[in-house]
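Student: Could we go through this model step by step, beginning with the overall fold and then turning to its details?

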Amino acid sequence: MARRTVLINLVATVGAVAVCTGVYYALPIGSFGLVGTLGSVVVFGAGLAAVSVLITVQIRRFRSGGGHRGSSVAGVVAALYLAVLFFAAVYFGTEHHEPGAIAELRTKTDALYFSLAITSTVGFGDVHAVSQFARAVAAVHMAFNIGFLGGAVAVLRTKATRPKAS
């Protein structure tokens with residue numbers, strides 16, 4: 001039974017990641033133009049808040065375990081990946097609105113690569129923020145990672161090391 005649950009969670013997570021990635025590539029980012037700085041900041045803030053709430057809910061569900069549907073580590077990973085896609089969309093939109101804001105970022109794949117490089121803290125340097133606005137977004141992304149990735153890892157570590165109740 002436990003193996004079946006793990007398999008179902010794995011398939012659900014892979015499916016969710018695939019669907020979210022497909023939606024990311026299908027989004028018409030940049031084709032609408034930016035309404036203005038205030039509008040883009042409001043949309044960015046709302047998106048960041050939504051992703052933050054989703055991650056928090058998944059972490060709490062995982063922490064409490066029990067009978068919550070989707071309370072696996074897979075839910076936490078999928079929520080964190082959604083944050084990666086969110087930031088990739090922001091980077092792509094930023095570069096489209098302000099060409100040269102992010103060096104070597106030309107495609108949505110470049111934006112996804114840059115977002116993953118920041119999230120994983122690899123930072124090869126080939127794609128990097130140039131403008132002050134792009135650097136501010138990258139700084140928010142890094143702070144987001146410290147808060148949410150750190151929190152998720154701490155919860156996972158605590159749960160993994162806690163003795164199971166018989």
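Tutor: Read along the sequence, the elements of the protein chain follow the pattern α-α-α-β-α-β-α. The model is a predicted one, and its protein chain contains five helices and two strands.

Student: What percentage of the 166 residues of the protein chain count as buried?

Tutor: A residue is called buried when its relative accessible area is under 20%. With that cut-off applied to the 166 residues of the protein chain, the share that counts as buried is 35%.

Student: Which helix holds Ser115, and is Ser115 buried or exposed?

Tutor: Ser115 lies within residues 108-120, the stretch that forms helix 4. The cut-off for burial is under 20% relative accessible area, and because the relative accessibility of Ser115 is 0%, Ser115 counts as buried. Helix 4 has other buried residues as well, including Ala111, Leu112, Phe114 and Ile118. The two names asked for are therefore helix 4 for the location and, at 0% relative accessibility, buried for the state.

Student: Which residue has its backbone oxygen 2.7 Å from a polar atom of the side chain of Ser115?

Tutor: Leaving aside neighbours within four places in sequence, Ser115 is in contact with Val84, Phe87, Ala88, Tyr91 and His141. Among these contacts of Ser115 is the residue in question, and the backbone oxygen lying 2.7 Å from a polar atom of the Ser115 side chain belongs to Val84.

Student: How far apart are the end C-alpha atoms of helix 4, and what span should its 13 residues have?

Tutor: The expected span rests on a rise of 1.5 Å a residue, which for the 13 residues of helix 4 should give 18 Å. Just after helix 4, Thr121 takes a positive phi of about 65 degrees. The end C-alpha atoms of helix 4 are 18 Å apart, in agreement with the expected span of 18 Å.

Student: Are helix 1 and helix 3 roughly parallel or roughly antiparallel to each other?

Tutor: Two packed helices are described by the angle between their axes and the distance between the axes. For helix 1 and helix 3 the packing angle is about 10 degrees, and their axes are 10 Å apart. Angles under 35 degrees count as roughly parallel, and helix 1 and helix 3 are therefore roughly parallel.

Student: Which residues of helix 1 make that contact?

Tutor: On the side of helix 3, the residues making the contact include Ala74, Gly75, Ala78 and Tyr81. Helix 1 contributes Asn9, Thr13, Val17, Cys20, Thr21 and Tyr24.

Key:
Residues numbered from 1 in each chain as written. Predicted model: local features only at pLDDT ≥ 70, side-chain atom pairs only at ≥ 80, totals over all residues. Heavy atoms only, no water. Helix = DSSP H or I, 4+ residues; strand = E, 2+ residues; numbered from the N terminus. Buried < 20%, exposed > 50% of the residue type's maximum accessible area, 1.4 Å probe, protein only. Polar contact = N/O pair within 3.5 Å; in protein donor to acceptor, adjacent residues only side chain to side chain. Contact = heavy atoms within 4.5 Å. Expected span 1.5 Å × (residues − 1). Axes fitted to C-alpha atoms, helices over the stretch in contact; angles between N-to-C directions. Parallel < 35°, antiparallel > 145°, perpendicular 65-115°, else oblique.
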